[in-house]
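The following exercises concern the reading of a protein structure from its coordinates. Each task is followed by a solution that proceeds step by step.

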Amino acid sequence: MDFQTQKHNKKRLTQEQVRLLERSFSADKKLEPELKLHLANQLGVPPRQVAIWYQNKRARWKTQSLELDHSTLQVKLENALSEKRRLEKDVKYLQEELRKAQEMMFAMNNQRDYQQQQHHQPLNFVSCNSTGSSEEGGSSSFHEDHEVLKIDELYACLIGADRATWS
């Protein structure tokens, strides 16, 4: 028999034979010699055909597995990039809040210095009170006071820290 004749004598597997091979493959991805002979006898095909089917199936299975892994990693990457963009927005927001607080402190210091030079008396500054409430009935964390806040106290006030943690 030459190569052409051998190729034409090869029989295609029936759907039932493929189902049996699929069940066997799902149970064991590696084809042991005993299993190969058993399947070949059960299916009525040469052991070489069973071995080739297993080899092809394993290659397709590995490709599908890699594609699934790639898809999973792609989703994780997209989630991480989304989180990174969210955190970058948060950083920009916090940097702007810090800039505003610094401007406010600078303005308060300038106003205090100016008023002390003009009137030789301290200003009434707003101080932070972590539990305070306003006399008007509304709850507020700020009230007028005759004490000048230190920079770290003002910062703690702006970020909402508890007064007990200032020192």
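The coordinates belong to a predicted model.

**Exercise 1. Establish which secondary-structure elements the protein has and in what order they run.**

Step 1. The protein has five helices and two strands.

Step 2. Read from the N terminus, the elements follow the order α-α-α-α-β-β-α.

Step 3. The protein comprises 167 residues, of which 18% count as buried.

Step 4. Among the contacts with a separation of 6 or more, 38% are between residues 24 or more positions apart.

**Exercise 2. Identify the residues of the largest nonpolar core and the elements that supply them.**

Step 1. The largest nonpolar core has 11 residues: Leu20, Leu21, Phe25, Leu31, Leu39, Ala40, Leu43, Val45, Val50, Trp53 and Tyr54.

Step 2. At least two residues of this core come from each of α2, α3 (33-43) and α4.

Step 3. Consider Leu20, one of the core residues. When residues up to four places away in sequence are not counted, Leu20 touches Leu39, Gln42 and Leu43. Of these partners, Leu39 and Leu43 are listed in the core.

**Exercise 3. Determine whether Phe25 is buried or exposed, and list its contacts beyond its sequence neighbours.**

Step 1. Phe25 is located in helix α2.

Step 2. The relative accessible area of Phe25 is 2%. The cut-off for a buried residue is under 20%, and Phe25 is therefore buried.

Step 3. With neighbours within four places in sequence left aside, Phe25 is in contact with Trp53, Tyr54, Lys57, Arg58 and Trp61. Trp53 and Tyr54 also belong to the largest nonpolar core.

Step 4. For the pair Phe25 and Arg58, the separation is 33 residues in sequence, while the C-alpha to C-alpha distance is 8.5 Å.

**Exercise 4. Locate Glu32 and classify its accessibility.**

Step 1. Glu32 lies in the loop that joins α2 and α3.

Step 2. Its relative accessible area is 33%. Partly exposed residues fall between the buried limit of 20% and the exposed limit of 50%, so Glu32 is partly exposed.

Step 3. Glu32 and Ala51 are 19 residues apart in sequence, and their C-alpha atoms are 9.5 Å apart in space.

**Exercise 5. Find how many salt bridges the structure contains, and analyse those of Glu16 with Arg19, Lys84 with Glu88, and Arg86 with Asp90.**

Step 1. Nine salt bridges are found when the whole structure is searched. The criterion is a side-chain nitrogen of Lys or Arg within 4 Å of a carboxyl oxygen of Asp or Glu.

Step 2. Glu16 and Arg19 form a salt bridge in which the closest N and O atoms are 3.2 Å apart. The two residues are three positions apart in helix α2, so about one helical turn separates them. Glu16 has a relative accessible area of 46% and is partly exposed; Arg19, at 42%, is also partly exposed.

Step 3. Lys84 and Glu88 meet through their side chains in a salt bridge with an N to O distance of 3.0 Å. In helix α4 these residues are four positions apart, which means a separation of about one helical turn. Both count as partly exposed, Lys84 with 46% relative accessible area and Glu88 with 38%.

Step 4. In the salt bridge between Arg86 and Asp90, the closest N and O atoms are 2.8 Å apart. Four residues apart in helix α4, Arg86 and Asp90 are likewise separated by about one helical turn. Arg86 is partly exposed at 40% relative accessibility, and Asp90 is partly exposed at 33%. Through shared partners, salt bridges join Glu83, Arg86 and Asp90 into one network.

**Exercise 6. Describe the second largest pocket by its volume, its lining residues and their classes.**

Step 1. The second largest pocket holds about 190 Å³ of space.

Step 2. Its lining consists of 12 residues, and the closest to the pocket centre are Arg12, Leu13, Val18, Gln49 and Trp53.

Step 3. Helices α2 (15-27) and α4 (47-119) each contribute at least two lining residues. The largest share, five residues, is supplied by α4.

Step 4. Sorted by class, the lining contains four nonpolar, four polar and four charged residues.

Step 5. Trp53, one of the residues closest to the pocket centre, is also a member of the largest nonpolar core.

Terms used. Residues are numbered from 1 along each chain as its sequence is written. This is a predicted model: local features need pLDDT of at least 70, side-chain atom pairs count only at pLDDT 80 or more; totals for chains, interfaces and linings use all residues. Side-chain values use heavy atoms; hydrogens and water are left out. On a 1 Å grid over the protein atoms alone, a cavity is a set of points where a 1.4 Å probe fits but cannot get out, and a pocket is an open set with protein on both sides within 12 Å along at least five of seven lines; lining residues have an atom within 4 Å of a point. Grid points are joined across faces, edges and corners, and a volume is the space filled by probe spheres set on the points. Ala, Val, Leu, Ile, Met, Phe, Trp, Tyr, Cys and Pro count as nonpolar, Asp, Glu, Lys and Arg as charged, and the others, Gly among them, as polar. Buried means under 20% relative accessible area, exposed over 50%, partly exposed in between (1.4 Å probe, protein chains only). A nonpolar core is a set of buried Ala, Val, Leu, Ile, Met, Phe, Trp, Tyr and Cys residues joined through side-chain atoms within 4.5 Å. Contact means heavy atoms within 4.5 Å.
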